[in-house]
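User: I should like to go through this structure and ask, for each label, what justifies it. Please set each value against the relevant cut-off.

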Amino acid sequence: MITTVQSPPDTAKAPERGASSLVDAVFRAREISIAGALVLLILGTYLANPLFLSDQGIKDLLLNASILVLLAVGQSAVVITRNIDLSVGSVVGLSAFACGTFVAGTDHGVLTVMLLGIAIGVVCGLVSGALVSFGGIPALVVTLGMLYIIQGVDYWWAQGEQISASEVPEAVLGLGSGSVLGVPYLPLIALVLLAATAYFLRSYRSGRELYAIGSSPEAARLAGIPIRRRVLAAYAFSGAVAGFAGALWLARFGTVVADNAHGWELTVVSAVVVGGVAITGGTGTVWGAALGALLLTTIGSVLVVLKVDSFWQGAITGALLLLAISVDRIVNLRMTTALRKRNARHDHRTEEEERPS
């Protein structure tokens with residue numbers, strides 16, 4: 001007679017699964033709440049002015065959000081590692097002006113312009129990333145310094161001049177104004193990059209390691225994660241996205257000057273944090289960051305439609321940023337307490353099961 005012995009369930013992993021599900025549930029709730037606020041904002045504005053959701057109104061809303069969504073995706077990769085990149089706005093300005101200068105009066109194609117913008121962004125991101133990851137200099141100091149350096153180079157190069165839309169090839173301008181099945185190209189590009197980044201962060205080991213670094217750099221180091229290389233890669237990605245966004249800025253607006261995207265750094269950080277990516281690193285999704293970017297740009301559009309002073313856009317953005325950080329703090333404290341209680345109950349049950357009868 002053969003007796004089959006079933007191994008007991010692996011209870012050691014139960015707290016880990018419970019912790020993961022709890023974290024996922026919290027941030028799904030954050031994203032759902034942001035989406036709900038966005039829907040209510042749009043519906044309320046539509047009731048006040050039905051033209052807000054006209055075909056052109058929807059296109060303008062998507063186009064206005066596209067570049068900020070791209071920048072929020074790149075910034076998220078850096079913030080998840082418990083760092084920050086304040087140079088993205090200046091990289092957009094430099095890339096836009098450089099691409100405009102490169103194509104002015106020529107027939108260069110779209111691909112060449114995009115690659116140039118990405119290359120400029122990657123160089124800027126690698127410099128910042130190397131100083132942060134290998135130089136050990138605080139990210140706030142490095143990227144703030146890079147912001148002013150890039151702005152200085154851009155102003156010196158431009159000398160007060162601008163690139164007008166009449167000098168930009170039609171193929172490049174077509175990328176910013178064209179559409180497929182009525183949907184503009186720029187939102188589709190932003191959506192593709194967003195989905196690809198979300199898949200990478202969730203499905204690839206190197207993507208998950210960014211979360212591990214942000215959660216606990218010391219634990220990540222003990223686990224053998226190459227922290228310096230991962231942080232450097234995150235900055236290079238953020239720079240590449242910012243440079244790409246600069247090329248798209250040229251395609252979208254045609255006319256570029258030295259201070260394009262001036263001040264966007266804080267808007268991008270606000271979008272990321274409002275979208276649920278913790279400023280302390282380790283948690284959040286690029287989907288939430290994209291929703292945060294869409295919410296902020298929608299607020300700006302709503303204020304214009306309702307003829308409210310543009311000053312209030314900055315005030316509302318600041319208020320949302322403070323609220324998001326406060327919510328993150330409260331959620332983290334409650335999650336920590338809940339996980340401790342759950343682990344304590346699990347340890348108690350384990351001791352009872354191991355106690356000889």
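**Labels and their grounds**

Analyst: I137 is placed in the loop between α4 and α5. The model is a predicted one.

User: Why is I137 called partly exposed?

Analyst: The relative accessibility of I137 is 33%. Buried requires under 20% and exposed requires over 50%, so I137, at 33%, counts as partly exposed.

User: Which residues form the nonpolar patch on the surface, and what makes I137 eligible for it?

Analyst: The patch is formed by V123, V127, L131, I137, L140 and V141, which together have about 480 Å² of accessible area. A patch residue must have over 30% relative accessible area, and I137 has 33%. Helices α4 (110–133) and α5 (139–158) each supply at least two residues of the patch. The largest share, three residues, comes from α4.

User: How do you know that R205 and E209 form a salt bridge?

Analyst: The N to O distance between the side chains of R205 and E209 is 3.1 Å. The cut-off is 4 Å, so the pair meets the criterion for a salt bridge. R205 and E209 are four residues apart in helix α8 (residues 205–215), which means that about one helical turn separates them.

User: Are the two partners, R205 and E209, buried or exposed?

Analyst: R205 has a relative accessible area of 61%; exposed means over 50%, so R205 is exposed. E209 has a relative accessible area of 7%; buried means under 20%, and therefore E209 is buried.

User: What makes R205, E209 and R230 a network?

Analyst: E209 is shared by two salt bridges, one with R205 and one with R230, the latter at 2.7 Å, N to O. E209 lies in helix α8 and R230 in helix α10, so this pair ties together parts that are 21 residues apart in sequence. R205, E209 and R230 are thus linked in a network of salt bridges.

User: How many salt bridges are counted, and what is the evidence for the one between E218 and R221?

Analyst: The count comes to three salt bridges. In the pair E218 and R221, the closest N and O atoms are 2.4 Å apart, and the limit is 4 Å, so the pair qualifies. Both residues lie in helix α9 (residues 217–222), three residues apart, about one turn of the helix. E218 has a relative accessible area of 43% and R221 has 48%. Both values fall between the 20% and 50% limits, so E218 and R221 are each partly exposed.

User: How do you know that helix α10 has the span expected of it?

Analyst: Helix α10 (residues 227–253) has 27 residues and reaches 39 Å from its first C-alpha to its last. The expected span is 1.5 Å times one less than the number of residues, which for α10 gives 39 Å, so the reach of α10 is close to what is expected. Just after α10, G254 takes a positive phi of about 80°.

User: Which residues other than glycine have a positive phi?

Analyst: Among them are L181, with a phi of about 55°, and A261, with a phi near 60°. L181 is found in the loop between β1 (179–180) and β2 (183–184), while A261 is found in the loop between α10 and α11 (264–274).

User: Why is L181 called exposed and A261 buried?

Analyst: L181 has a relative accessible area of 87%, which is over 50%, so L181 is exposed. A261 has 4%, which is under 20%, so A261 is buried.

User: Why is S301 called buried, and what does S301 touch?

Analyst: S301, in helix α12 (residues 286–305), has a relative accessibility of 15%. That value is under 20%, so S301 counts as buried. Leaving aside residues up to four places away in sequence, S301 touches F52, L61 and N64.

User: What is the predictor's confidence in the chain?

Analyst: The mean pLDDT of the chain is 84, and 83% of its residues reach 70 or more. Over residues 1–19, however, the pLDDT is below 50, and this stretch has eight contacts in the model beyond near neighbours in sequence. Where pLDDT is low, the predicted coordinates should not be read in detail.

How values were computed: Residues numbered from 1 in each chain as written. Heavy atoms only, no water. Buried < 20%, exposed > 50% of the residue type's maximum accessible area, 1.4 Å probe, protein only. Patch = residues over 30% accessible without salt bridge, like charges linked within 9 Å, V, L, I, M, F, W, Y side chains within 5 Å. Areas by Shrake-Rupley, 256 points an atom, 1.4 Å probe, with all protein chains shown as cover. Contact = heavy atoms within 4.5 Å. pLDDT = per-residue confidence, 0-100.
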